[in-house]
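Visitor: I'm new to this structure and would rather see one part properly than everything at once. Could you pick a part, take me through it slowly, and then show me what lies beyond?

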Amino acid sequence: MAMSRARFLASLAAGAAALALQPALAQQHYPDHPVRLVVPFAPGGATDILGRLLATSLGEKLGQPVIVDNRPGAGTSVGAALVAKAQPDGYTLLLGAGSTLTMNPVVRKTLPYDPQRGFTMLGVVADMGLVLVASNEVKANSLQELVAQSKAAPDKFSYGSYGTASSVHFAGELLKTTTGLNMLHVPFNGSAPSLTALMGGQVQLAVDTVVATTPLIKAGKIKPIAALGAQRLGLLPQVPTVAESGFPGFDMSTWFTFLAPAGLPAPVQKKLEQALADVMAAPEMQRKLLDTGLTPAWGPGSALRERVARELPLMRDVAQRAHIQAE
């Protein structure tokens with residue numbers, strides 16, 4: 001009877017040891033089945049293209065398919081919440097945006113995820129440049145001229161954006177504060193209606209992405225005034241930055257990140273960060289991103305945390321001064 005009890009206890013101990021080893025073995029062999037990449041934007045846009053480019057290359061590095069799952073809605077909140085609530089095993093990832101971590105927290109009273117503690121931050125992958133554009137009917141051709149005209153006639157200009165509390169709304173309000181440009185915000189449901197309104201004269205100005213504006217600029221349907229980032233844009237090298245236009249230090253862009261649920265095991269995090277670093281270092285990937293209108297901007301999780309810490313107070317200040325709240 002004693003031997004039987006001993007064997008039973010030994011069996012229990014062996015089972016417990018085997019169970020304890022399972023997570024470690026799973027991490028060691030990660031990934032052993034397909035990975036899901038949640039893209040919190042609709043199919044077809046530049047962000048979706050970015051997600052699919054990264055999914056393909058990351059899948060090649062990891063040895064398992066990375067499958068894009070589009071979950072648009074609520075300024076990336078729908079997709080972000082899905083990932084934040086997923087198992088932290090490396091099989092559900094998020095292509096987040098600056099708005100996920102630095103804008104939603106300051107304009108939405110309740111969020112279905114915790115932007116500070118809900119994620120393992122894997123890295124920054126790319127920036128998308130923003131541009132201030134004008135209707136061809138606007139007489140000004142430079143930011144300085146535009147500011148002077150708006151001060152002489154404060155009700156003269158309105159600007160379109162692709163939505164309240166969007167990155168371009170924040171950019172437009174920061175531009176107003178920095179330069180003294182007088183312009184009234186008019187939100188639209190997307191880039192297409194905003195830029196159509198610009199061409200039709202319903203608004204005189206718009207802030208939008210380089211991806212959405214470049215075809216219209218090159219077709220002569222609208223004209224560029226200034227690039228809002230720190231550097232000139234590869235697709236529009238002739239367009240000066242806001243800083244070059246007389247307002248040093250101005251820098252505003254849309255940026256994209258890789259996130260996983262909080263609590264990701266360190267070996268899985270390390271493998272993902274290294275795979276992402278290798279993907280982003282490839283000249284072919286960099287060329288494809290530049291051709292799409294995106295600027296490669298790889299930085300590991302530590303760089304992402306620093307960027308969030310730097311930008312969150314700035315976005316909170318913009319939101320408070322401009323009374324920006326999500327609809």
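Guide: Let's take one strand, then go on to a sheet, a pocket and a few backbone oddities.

A quick word on ground rules. This is a predicted model, in which local features need pLDDT of at least 70 and side-chain atom pairs count only at pLDDT 80 or more, while totals for chains, interfaces and linings use all residues. Residues are numbered from 1 along each chain as its sequence is written, and side-chain values use heavy atoms, with hydrogens and water left out. The pLDDT itself is the predictor's confidence in each residue, from 0 to 100. Its mean for the protein is 91, with 92% of residues at 70 or more. Confidence is lowest in helix α1 (residues 2-28), where the mean is 59, and highest in strand β9 (residues 222-227), at 98. Those labels come from DSSP runs, numbered from the N terminus: helices are H or I runs of at least four residues, and strands are E runs of at least two.

Our part is strand β4, residues 119-128. Is it buried or exposed? Buried: 10 of its 10 residues are, so the strand is largely enclosed by the rest of the structure. Here, buried means under 20% relative accessible area, exposed means over 50%, and partly exposed is in between, using a 1.4 Å probe and protein chains only.

Now for the partners of β4. Two strands pair if DSSP finds at least two bridges between them. With strand β10 (residues 254-261), β4 has 8 bridges, and the two run antiparallel. Strand β11 (residues 294-300) also runs antiparallel to β4, joined to it by 5 bridges. A nice spot to zoom in on is Asp-127: Trp-255 in β10 stands opposite it, and in β11 its bridge partner is Thr-295.

Stay with Thr-295 for a moment. At 37% relative accessibility, it counts as partly exposed. Leaving out residues up to four places away in sequence, Thr-295 touches Val-125, Ala-126, Asp-127 and Leu-290; touching, or contact, means heavy atoms within 4.5 Å. Thr-295 and Met-128 are 167 residues apart in sequence, yet 6.2 Å apart in space, C-alpha to C-alpha.

Next, a sheet. Five strands form an open sheet in the order β7-β6-β8-β5-β9, with mixed pairing. Its edges are β7 (184-187) and β9, each pairing on one side only. On average, neighbouring strands here are turned by 30° against each other, direction ignored. Axes are lines fitted to C-alpha atoms, for helices over the stretch in contact, and angles run from 0 to 180 degrees between N-to-C directions. Inside the sheet, 2 bridges join the parallel strands β6 (residues 158-161) and β8 (residues 205-209), with Gly-160 partnered by Ala-206 in β8. Helix α6 (residues 167-179) packs on the sheet, touching β5 (130-135), β6, β7 and β8, and its direction makes about 155° with that of β6. Helix α7 (residues 191-200) lies across β5, β6, β8 and β9, running at about 150° to β8.

Helix α8 leads us back to β4. Its buried residues include Val-210, Thr-213 and Leu-216, and β4 is among the elements that cover the buried residues of α8, as are β5 and α7. Just after α8, Gly-220 takes a positive phi of about 75°.

Then there is the largest pocket. A pocket is found on a 1 Å grid over the protein atoms alone, as an open set of points where a 1.4 Å probe fits, with protein on both sides within 12 Å along at least five of seven lines; lining residues have an atom within 4 Å of a point. The largest pocket holds about 970 Å³ of space, a volume being the space filled by probe spheres set on the points, which are joined across faces, edges and corners. Its lining counts 42 residues, and Phe-41, Gly-75, Tyr-162, Ser-166 and Gly-190 lie nearest the centre. Two or more lining residues come from each of α2 (46-62), α4 (98-107), α8 (210-218) and β10. The largest share, 6 residues, is from α4.

Finally, the oddities. Most residues other than glycine have a negative phi, and most peptide bonds are trans. Thr-76 has a positive phi of about 80° although it is not a glycine, and at 2% relative accessibility it counts as buried. His-323 has a positive phi too, about 55°, but is exposed, with a relative accessible area of 68%. A cis peptide bond joins Tyr-30 and Pro-31, with omega about -10°.
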